[in-house]
Amino acid sequence: MKYQLLVLWILTAFCINHAAGDIKVEKVADGITLSCTENVNVTGNGKDEKNLHLMYHDSNTGEYTCGENGQKIFVKYRTCDNCVELDTSSIVGLAVGDVVATIVVGVAVYLIASQARTGQVKPTKKRSDKQNLIQNVPTNDSNYQ
């Protein structure tokens, strides 16, 4: 199905006048059909019919009532016009590609980490490394012992 459907039916007010009847909702292939249990028109969103057929479009979102003071229902449509369909082969391709990329990165890290080293690097000792930075000269300062 090209369109994804999210229909939220929220009853906003309980039927005070039982003469108007309840709203009956039927799911059909390309939308829903609203009708009243009594012989009353369904009104709302600029439409007024006995059996109101609502197709899957965002423009049909709105509040519909059964008669003047009848039961109310809020219908919310959300369609996905710019969605990408994922079939089984594309999902399998993504999973296999992910596994192959993980294996390639793992092998590359292993090969770089396990390379034979040419030899150990010996530290170079300089004369400045052995030179005392602070000379140890005795002072005759009586305050410092």
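**Close-up views of a predicted model**

**View 1. The C80–C83 disulfide.** At 16% relative accessibility, C80 counts as buried. The model shown here, and in every view below, is predicted. C80 is joined to C83 by a disulfide, with an S to S distance of 1.0 Å. The two partners differ in cover: C80 is buried, whereas C83 is partly exposed at 46% relative accessibility. The torsion about the S-S bond of C80 and C83 is about 75°, so this disulfide is right-handed.

**View 2. The C36–C66 disulfide.** A disulfide links C36 and C66, with 1.7 Å between their sulfur atoms. C36 belongs to strand β2 (residues 31-36) and C66 to strand β6 (residues 62-66), so the bond ties together parts that lie 30 residues apart in sequence. Are these cysteines buried or exposed? C36 has a relative accessibility of 10%, which means it counts as buried, given that the cut-off for buried is under 20%. C66 has a relative accessibility of 0% and also counts as buried. With this pair, the disulfide count of the model comes to two. Number the bonded cysteines in sequence order, and the pairing reads 1-2, 3-4.

**View 3. The hairpin of β1 and β2.** Strand β1 (residues 23-28) pairs with β2 in the antiparallel sense. Six bridges hold the pairing on display. Two residues lie between the strands, and β1 and β2 form a hairpin. At one bridge, V28 has G31 of β2 as its partner. How much of β2 is buried? The strand is mostly covered, with six of its six residues buried. C36, from the disulfide in View 2, lies in this strand.

**View 4. The pairing of β2 with β5.** β2 also pairs with strand β5 (residues 51-55). The sense is antiparallel, and the pairing runs over five bridges. Here T33 stands opposite H53 of β5. Strand β2 thus appears in two pairings across these views: with β1 over six bridges, and with β5 over five bridges.

**View 5. The K24–E26 salt bridge.** K24 and E26 form a salt bridge, and their closest N and O atoms are 3.4 Å apart. How many salt bridges does the structure hold? It holds one. Neither partner is buried: E26 is partly exposed, with a relative accessible area of 37%, and K24 is partly exposed at 42%.

**View 6. The surroundings of T65.** T65 sits in strand β6. Its relative accessibility is 13%, and T65 counts as buried. Which residues does T65 contact, leaving aside neighbours within four places in sequence? They are I23, N41, V42, T43, Q71 and K72. C66, a disulfide partner of C36, also lies in β6.

**View 7. Helix α1 and the annotated segment.** An unreviewed UniProt entry annotates residues 91-113 as a "transmembrane region". In the model, residues 91-113 are 100% helix and 0% strand. The C-alpha atoms at the two ends of this segment are 33 Å apart. Helix α1 (residues 88-113) is where confidence in the chain is highest, at a mean pLDDT of 96. Confidence is lowest in helix α2 (residues 127-130), at a mean of 62.

**View 8. The N-terminal stretch, residues 1-19.** Across the chain, the mean pLDDT is 77, and 66% of residues reach 70 or more. Over residues 1-19, the pLDDT is below 50. The model still gives this stretch 40 contacts beyond near neighbours in sequence. Where pLDDT is low, predicted coordinates should not be read in detail.

**View 9. The chain as a setting for the close-ups.** The chain has two helices and seven strands. From the N terminus on, the elements run β-β-β-β-β-β-β-α-α. How many of the 145 residues are buried, as a percentage? The share is 21%. Of contacts between residues at least 6 apart in sequence, 42% join residues at least 24 apart.

Technical notes
Residues numbered from 1 in each chain as written. Predicted model: local features only at pLDDT ≥ 70, side-chain atom pairs only at ≥ 80, totals over all residues. Heavy atoms only, no water. pLDDT = per-residue confidence, 0-100. Helix = DSSP H or I, 4+ residues; strand = E, 2+ residues; numbered from the N terminus. Contact = heavy atoms within 4.5 Å. Disulfide = S-S within 2.5 Å. Buried < 20%, exposed > 50% of the residue type's maximum accessible area, 1.4 Å probe, protein only. UniProt positions renumbered as here; feature names shortened; annotations may be inferred. Pairing = 2+ DSSP bridges. Salt bridge = Lys/Arg side-chain N within 4 Å of Asp/Glu carboxyl O.
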